[in-house]
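Visitor: I am new to this structure. Please choose one part, take me through it closely, and then show me how it connects to other places worth a look.

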Amino acid sequence: MTATASAPSPNASPNASANASANASANASANASANASANTVKPRVELIGGPPPGSATLDARDACAWFGDRLVLEGVDLVMPAGQVTALIGPSGCGKSTFLRLLNRMHELVPGAALDGEILLDGDDIYLPGRRAQEIRTRIGMVFQKPNPFPAMSIRDNVLSGLKLAKIRCSDKDGLVEQSLEKAGLWKEVRDRLSSPGGALSGGQQQRLCIARSLAVHPNVLLMDEPCSALDPTSTRRIEDTISELRKEVTVVIVTHNMQQAQRVSDFCAFFLAEENEPGRVIEQGTTTHMFSTPNDTRTLNYVEGRFG
Amino acid sequence: MTATVTPAPVARSNRTPRRPRELTPLDLLTLGASAVSAVCLNWLVFARMVDGIGWFAFMVSAYLTFVAIFAVATTDRLGRLVAVDRVVTVVVISAGAVVLVALASLILFIVVLGIKALRPGFFFNDQSGITPVMSSSAGGGSHAVVGTIQQVGLALVWSLPLSIGAAVFLNESRSNWRRPVRIFVDAMSGLPSIVAGLFIYAIFILPFAKSTPVFGYNGFMASLALALVMVPTITRTIEVVLRLVPDGLREASLALGASRARTVWSVVFPTARTGMTTAIVLGIARAVGETAPLIFTAFGYDLMNSNPFNGSQESLPLFTYRNIQKPDLAAVERGFAGALVLMVLVIGLFIAARWIGRDRSRRPTSRSPLARLRTKESSR
């Protein structure tokens, strides 16, 4: 696991912070019109007080979730390897989103929500009593179904909002804005109007702005809860391209109802299913190729071939 | 969007656009003729055939006749469906007009009576040396203006932190005490404002006035009473505004690693900023016009007293209230001048509230009048 964690992310290796910012700003101007692959080689802007560098492995062990007295998710064992894209698929109401929200402690914000089991982030349980939820959420970012940029902030401030909210410092804010927006595939469209409000963008652009906002704090994992369900095919495609680029530096876990999307973007797949009056469970998991070609369970086969759900 | 529409006028310039809901000249003629015939019919009946029924009953009768004639005429011409639509439209518009006339006449009444005593000197002089034989434009109400500013300003200082705190508690916390607090705030907003004054009078002025002037009749006591009136108003308005902030923004903020307090401060407040400012201005407008809480607290005073912590003080509503009660005509006119100044102040505050609260978050291009005009032109 640790081997895969460090291998696909050469740019995440800790730089000497003294010349890192200088490099970043120099590259920022040099690469303004460079080709798309340039941003992956560029050393990334250093943050002070942010998450540790590199992507991280998430490992759910016997995870269960309740809303009030109702058990909605039971016994989920799932490893989401570092630097890979894991897709959570399954019909509505089978607990995919709940599981996703368990992974960065957003579940506990719902009144009456409860949970059991362990969620290990690089081997450490995120639900240990001594750990702050804020720190976990900074390390594990999240993109929601509906684009939700902060309407009172400009595009630039939206990207930088994570720094302010999580008390992270950065010496090269302009470089960070450019880098984050470029990773999210939005830089070229908005570089001339960084000070206009985030709400003035189109839906697809707003969602990419939200991705840029999540990436700006350099999370180790990025959770995406049906990020394309409110978007048109073109915007969806842009975001899928973004996800493919992202796997180089961050672990991605994505919930999707779109089978083709899961097939296109993910390396691993987990199929969730809730039988009638039963909590959601993981029916089958494995590599995406395996899940979509030769799944062991007939229910998985039926679902991925569109015969139900 | 406009790009696809712009070349269109050239291509189909020979067509006449149809607007099914638009009134034709004949419709307007029907409307006018119905009104004229209704008035004539009523005049014929009430002024010629019987001995008159008074102007108000005449107007009501004429209006009802007008609606009936208009309904019959439109049914005959365009059918029942259109007639119902037109009659309801006419009734709704006239109801609006009645309210507008009532409001306008109220404002006009104050303006006409108040303008007589209102001179620039009103804002620079107090009532020192004014005797009943002097004209109403002598002296002024500067002491009342100063009193109002000080009392409302102090009231704002006390009520703002309380209101914002309470609104945040009601909307952002998950405490079980939210319900009781909300009920309490609701009950407080229904509190008769004179009770607020009496309350301050009973707990501060009665027991402590003899020992220290700070607890005597003064502007400070008035500001406490006004704060009692303002807190529920501001709290409820801010709470509503905070509730309008989408939960998705709070989630987004928390998911970025912010604490709840940080989320409220950096995401919820900025998003609700204009609404909160509006709430505060509305709270001020509410308190500025209050007379009852001041009667037992500021008490009223004819001379300038710019120290709100010592000695009784005037304010604009008190100035109006006290002068209009006086027997001489000049004082009554001064009272109306005070009312006029107060009214202009309140209207100004409301305009300020609307201006601050105007929607600036939308796309600037589609909102600007120019852009709207262009869209209209091209769609024609």
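Guide: Let us begin with a network of salt bridges that links B:Arg182, B:Asp186, B:Arg236, B:Glu239 and B:Arg243. A salt bridge here is a side-chain nitrogen of Lys or Arg within 4 Å of a carboxyl oxygen of Asp or Glu. This is a predicted model, where local features need pLDDT (the predictor's confidence in each residue, 0 to 100) of at least 70 and side-chain atom pairs 80 or more, while totals for chains, interfaces and linings use all residues. Residues are numbered from 1 along each chain as written, chains are lettered from A and ligands numbered from 1 in the order written, and side-chain values use heavy atoms, without hydrogens and water.

Within the network, look at B:Asp186 and B:Arg236, whose side chains meet with N and O 2.1 Å apart. B:Asp186 belongs to helix H7 (residues 178–189) of chain B and B:Arg236 to helix H9 (residues 219–243) of chain B, so this salt bridge ties together parts 50 residues apart in sequence. (Helices, H or I with at least four residues, and strands, E with at least two, are DSSP runs numbered from the N terminus.) B:Asp186 is partly exposed at 37% relative accessibility, and B:Arg236 is partly exposed at 22%. Buried means under 20% relative accessible area, exposed over 50%, and partly exposed in between, using a 1.4 Å probe and protein chains only.

By the same rule, there are 30 salt bridges over all chains. On chain A, one of them joins A:Glu189 and A:Arg208, with 2.9 Å between the closest N and O atoms. Because A:Glu189 sits in helix H8 (residues 187–190) of chain A and A:Arg208 in helix H9 (residues 203–215) of chain A, the pair ties together parts that are 19 residues apart in sequence. A:Glu189 is partly exposed, at 28% relative accessibility, whereas A:Arg208 is buried, with a relative accessible area of 4%.

Another salt bridge brings the side chains of A:Arg247 and A:Asp267 together at 2.6 Å, N to O. Here two loops of chain A are linked, 20 residues apart: A:Arg247 is in the loop between helix H10 (233–246) and S10, and A:Asp267 is in the loop between helix H11 (259–265) and strand S11 (268–273). A:Arg247 is buried at 19% relative accessible area, and A:Asp267 is partly exposed at 22%.

From A:Arg247, whose loop lies between H10 and S10 of chain A, we can step to strand S10 itself. S10 (residues 251–255) of chain A has five of its five residues buried. In a regular strand, side chains alternate between the two faces of the sheet. In S10(A), the buried residues are A:Thr251, A:Val253 and A:Val255 on one side, and A:Val252 and A:Ile254 on the other.

S10(A) also has partner strands; two strands pair if DSSP finds at least two bridges between them. Strand S4 (residues 85–89) of chain A runs parallel to S10(A), joined by four bridges, and A:Thr86 has A:Val253 as its bridge partner. Strand S9 (residues 221–225) of chain A is also parallel to S10(A), with five bridges; there A:Met224 stands opposite A:Ile254.

Finally, a word on confidence. Chain B, where we began, averages a pLDDT of 87, and 91% of its residues score at least 70. For the complex, the predictor gives an ipTM of 0.82 and a pTM of 0.77.
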